[in-house]
Amino acid sequence: MENSAPTNSNSAPQNADQKSAVMKDICAKWSKFSDQDVAAIKGKADLVSQVVIKYGLPQTQAQTEVDALLKGRQIGAGA
């Protein structure tokens with residue numbers, strides 16, 4: 001019965017790879033973000049806020065663009 005819940009020991013590297021890919025996508029789309037800016041982002045809402053601040057976009061447009069970029073991926077500590 002101990003094997004009834006398989007563990008995925010590769011989940012940490014996948015998460016690191018996914019986070020790296022998301023960070024690269026953010027920097028590619030929004031050039032005003034430095035690597036440090038992106039590394040400091042705490043989550044999707046924080047990214048939306050930063051896009052609004054740095055680019056002067058309306059909140060709804062920033063949210064739409066962030067959603068399109070992330071495509072369901074996570075960012076920040078939960079990535």
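In this predicted model, Asp-37 and Lys-54 form a salt bridge, with their closest N and O atoms 3.2 Å apart. Asp-37 sits in helix α2 (residues 35–40) and Lys-54 in helix α3 (residues 44–55), so this pair ties together parts of the chain that are 17 residues apart in sequence. How buried or exposed are the two partners? Asp-37 is partly exposed, with a relative accessible area of 27%, and Lys-54 also counts as partly exposed, at 27% relative accessibility. As a bit of background, side chains of opposite charge can pair when their charged atoms come close.

That pair has company: searching the whole structure turns up 4 salt bridges. Another of them joins Arg-73 to Asp-25, and here the closest N and O atoms are 2.8 Å apart. Arg-73 lies in the segment after α4 (59–70), while Asp-25 belongs to helix α1 (residues 11–29), so the bridge ties together parts that are 48 residues apart in sequence. Asp-25 counts as partly exposed, at 29% relative accessibility. Then there is Glu-65, which forms a salt bridge with Lys-29 at 3.8 Å between the closest N and O atoms. This one, too, links distant parts of the chain, with Glu-65 in helix α4, Lys-29 in helix α1, and their positions 36 residues apart. Lys-29 is partly exposed, and its relative accessible area is 41%.

Stepping back to the overall layout, the protein chain has 4 helices and 0 strands. Read from the N terminus on, its elements run α-α-α-α. Of the 79 residues in the chain, 25% are buried.

What sits in the middle of the nonpolar packing? The largest nonpolar core has 16 residues, and those with the most contacts inside it are Ile-26, Trp-30, Phe-33, Leu-47, Val-51, Val-66 and Ile-75. Helices α1, α3 and α4 each supply at least two residues of this core. The largest share, 4 residues, comes from α4.

Two of those well-connected core residues, Trp-30 and Phe-33, turn up again among the aromatic rings. The whole structure holds 2 aromatic pairs. In one, the ring centres of Trp-30 and Phe-33 are 6.2 Å apart and the planes meet at 70 degrees, so the pair is edge-to-face; a plane angle over 60 degrees is what earns that label. Both of these residues are buried. In the other pair, Phe-33 meets Tyr-55 in a tilted arrangement, at 6.5 Å centre to centre with 40 degrees between the planes. Phe-33 lies in the loop between α1 and α2 and Tyr-55 in helix α3, so the contact ties together parts that are 22 residues apart in sequence. Phe-33 is buried, with a relative accessible area of just 5%, whereas Tyr-55 is partly exposed at 26%. Taken together, Trp-30, Phe-33 and Tyr-55 form one aromatic cluster. Tyr-55 has a charged partner as well: Lys-32 lies over the face of its ring, at 4.7 Å from the ring centre.

Helix α3, home to Tyr-55 and Lys-54, deserves a look of its own. It has 12 residues and reaches 16 Å from its first C-alpha to its last, close to the 16 Å expected at 1.5 Å a residue. Which residues of α3 are buried? They are Leu-47, Val-48 and Val-51. These three cover an arc of only 100 degrees around the axis, which puts them on the same side of α3. Leu-47 and Val-51 are also among the residues with the most contacts in the largest nonpolar core. The face of α3 turned away from the buried side carries the exposed residues Ala-45 and Ile-53. Right after the helix comes Gly-56, whose phi is positive, near 65 degrees.

A positive phi shows up elsewhere too. Most residues other than glycine have a negative phi. Lys-71 is not a glycine, yet its phi is positive, at about 50 degrees. Where does Lys-71 lie in the chain? Its place is in the segment after α4, the segment that also holds Arg-73 of the salt bridge with Asp-25. At 69% relative accessibility, Lys-71 counts as exposed.

Note on methods:
Residues are numbered from 1 along each chain as its sequence is written. This is a predicted model: local features need pLDDT of at least 70, side-chain atom pairs count only at pLDDT 80 or more; totals for chains, interfaces and linings use all residues. Side-chain values use heavy atoms; hydrogens and water are left out. A salt bridge is a side-chain nitrogen of Lys or Arg within 4 Å of a carboxyl oxygen of Asp or Glu. Buried means under 20% relative accessible area, exposed over 50%, partly exposed in between (1.4 Å probe, protein chains only). Rings of Phe, Tyr and Trp (its six-membered ring) pair if their centres lie within 6.5 Å; planes under 30 degrees apart count as stacked, over 60 as edge-to-face and the rest as tilted. A charge sits over a ring if NZ of Lys or CZ of Arg is within 6 Å of the ring centre and within 35 degrees of the ring normal. The expected span of a helix is 1.5 Å times one less than its number of residues. The arc is that of the directions from the helix axis to the C-beta atoms. A nonpolar core is a set of buried Ala, Val, Leu, Ile, Met, Phe, Trp, Tyr and Cys residues joined through side-chain atoms within 4.5 Å.
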